[in-house]
Amino acid sequence: MHKIGLALGGGGAKGLAHIPMLEVFDDLGIQPYRIAGTSMGSIIGALYASGIEGGQIRQSVQNMIIAKGESFREALRRKDVRKWIKFIDLEFGPHALFKGDRFIDFLYQAMGVSTFDALKIPLRVVATDFWTSKQVVLESGKLLPAVKASMALPGVFTPVVMRDRILIDGGGVNPVPHDLLDDCDVVVAVNVMGRMSRPSREVPNLFRAVLGMFDILQNSIIAEKLKINPPDIYVKPDITGVDILEFHRAGEIFAQAEPAKRKLRKDLMRLLKSH
């Protein structure tokens, strides 16, 4: 079988759309040779690379989401929701809204893996060096600080200090890191950036405007990289109108990802038949 590389891009809550794509790999019995992830893609990639199947990740997410029509008090009776709330370590300081430490602790508990070497599938994680504006690829040593750095969106999550570098979200340099899989025979890239809905004449607030500008930057980078070095299989779920922190809309995100999931299945089956 070909060595298949899987690139998972960033996108905040929209990154939950990666999960249905992983389910396709599981259904077809395909294990990626290597995974490269940025931001939310690094989180989902780390979970999957540790040996947790796509369906298990989906179930965990659904268990932690407050269902539509369910009161907050009712949701708090569920252990998984209480665990989710514990992740939220607000930091009302000059650096960000969230520190991210509790979320990283949760990842460790879910994976039971703390180093890159312990993963079942090799993983490359992308972060950005804030002061040099250069890409930093992390693939050895401690796993959780690398994931935290890759998802450290400025203003939302606290930057990570690593080896005298200030590391922030990898989306600023490589939102869908398919170019880091040149040691693979076939490269599958999943872009979950989606698109913003467009309310008529509504001026975005400060938070939405800043995040929207970051999305525009990332989309420009993705477009240029696709011209220079296109992946063999490119999947872009049409995630529309979902903001970066709207994880409670997981059900909508999964539903919007279904057409892309079907496309990926067809592309991978075609690949299998040609082998």
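## Close-up views of a predicted model

**Figure 1. R58, a buried arginine in helix α3.** R58 is buried, with a relative accessible area of 16%. The model shown is predicted. R58 belongs to helix α3, which covers residues 54–64. Beyond neighbours within four places in sequence, R58 contacts I19, P20, E23, F254, E258 and K261. Two of these partners, E23 and F254, are taken up in the next two views.

**Figure 2. The salt bridge between R58 and E23.** The two side chains meet in a salt bridge, 2.7 Å from N to O. The pair links distant parts of the chain: R58 sits in helix α3 and E23 in helix α1 (residues 18–27), 35 residues apart. Are these two residues buried or exposed? Both R58 and E23 are buried.

**Figure 3. R58 over the ring of F254.** The charged end of R58 sits over the ring of F254. The distance to the ring centre is 4.4 Å. F254 is also among the contacts of R58. R58 thus appears with E23 in a salt bridge and with F254 in a charge-over-ring arrangement.

**Figure 4. The salt bridge between D27 and R265.** The side chains of D27 and R265 meet at 2.9 Å, N to O, in a salt bridge. D27 lies in helix α1 and R265 in helix α9 (residues 250–274), so the pair ties together parts 238 residues apart in sequence. D27 counts as exposed, at 51% relative accessibility. R265 counts as partly exposed, at 27%.

**Figure 5. The salt bridge between D267 and K263 in helix α9.** These side chains meet in a salt bridge at 2.8 Å, N to O. Both residues lie in helix α9. How many residues apart are they? The spacing is four residues, about one turn of the helix. D267 is buried, with a relative accessible area of 14%. K263 is partly exposed, with a relative accessible area of 39%.

**Figure 6. A salt-bridge network of R34, R124, E139 and D183.** Salt bridges link these four residues in a network. A search of the whole structure finds 14 salt bridges.

**Figure 7. The aromatic pair of F130 and W131.** The count of aromatic pairs comes to one. F130 and W131 form this pair, and the geometry is edge-to-face. The centres are 4.8 Å apart, with 80° between the planes. Planes over 60 degrees apart count as edge-to-face, so the angle settles the class. F130 is partly exposed, with a relative accessible area of 42%. W131 is exposed, with a relative accessible area of 68%.

**Figure 8. S39, a residue with positive phi.** S39 is not a glycine, yet its phi is positive, about 55°. Where does S39 lie? S39 is in the loop between β2 (34–38) and α2 (40–49). S39 is buried, with a relative accessible area of 8%.

**Figure 9. D164, another non-glycine residue with positive phi.** D164 has a phi near 65°, a positive value in a residue other than glycine. D164 is placed in the loop between β7 (160–162) and β8 (165–169). Is D164 buried or exposed? D164 is exposed, with a relative accessible area of 82%. S39, by contrast, is buried.

**Figure 10. A nonpolar surface patch of M196, M213 and I216.** The three residues make a nonpolar patch of about 320 Å² on the surface. M213 is found in helix α8, residues 206–228. At 53% relative accessibility, M213 counts as exposed.

**Figure 11. The chain as a whole, for orientation.** The chain has nine helices and ten strands. Of its 275 residues, 50% count as buried. The chain exposes about 13,800 Å², and carbon and sulfur atoms supply 54% of that area. Among contacts between residues at least 6 apart in sequence, 73% join residues at least 24 apart. Two salt bridges from the views above also join separate helices: R58 with E23 links α3 and α1, and D27 with R265 links α1 and α9.

Notes
Residues numbered from 1 in each chain as written. Predicted model: local features only at pLDDT ≥ 70, side-chain atom pairs only at ≥ 80, totals over all residues. Heavy atoms only, no water. Patch = residues over 30% accessible without salt bridge, like charges linked within 9 Å, V, L, I, M, F, W, Y side chains within 5 Å. Areas by Shrake-Rupley, 256 points an atom, 1.4 Å probe, with all protein chains shown as cover. Buried < 20%, exposed > 50% of the residue type's maximum accessible area, 1.4 Å probe, protein only. Contact = heavy atoms within 4.5 Å. Phe/Tyr/Trp six-rings, centres within 6.5 Å; stacked < 30°, edge-to-face > 60°. Lys NZ or Arg CZ within 6 Å of the ring centre and 35° of its normal.
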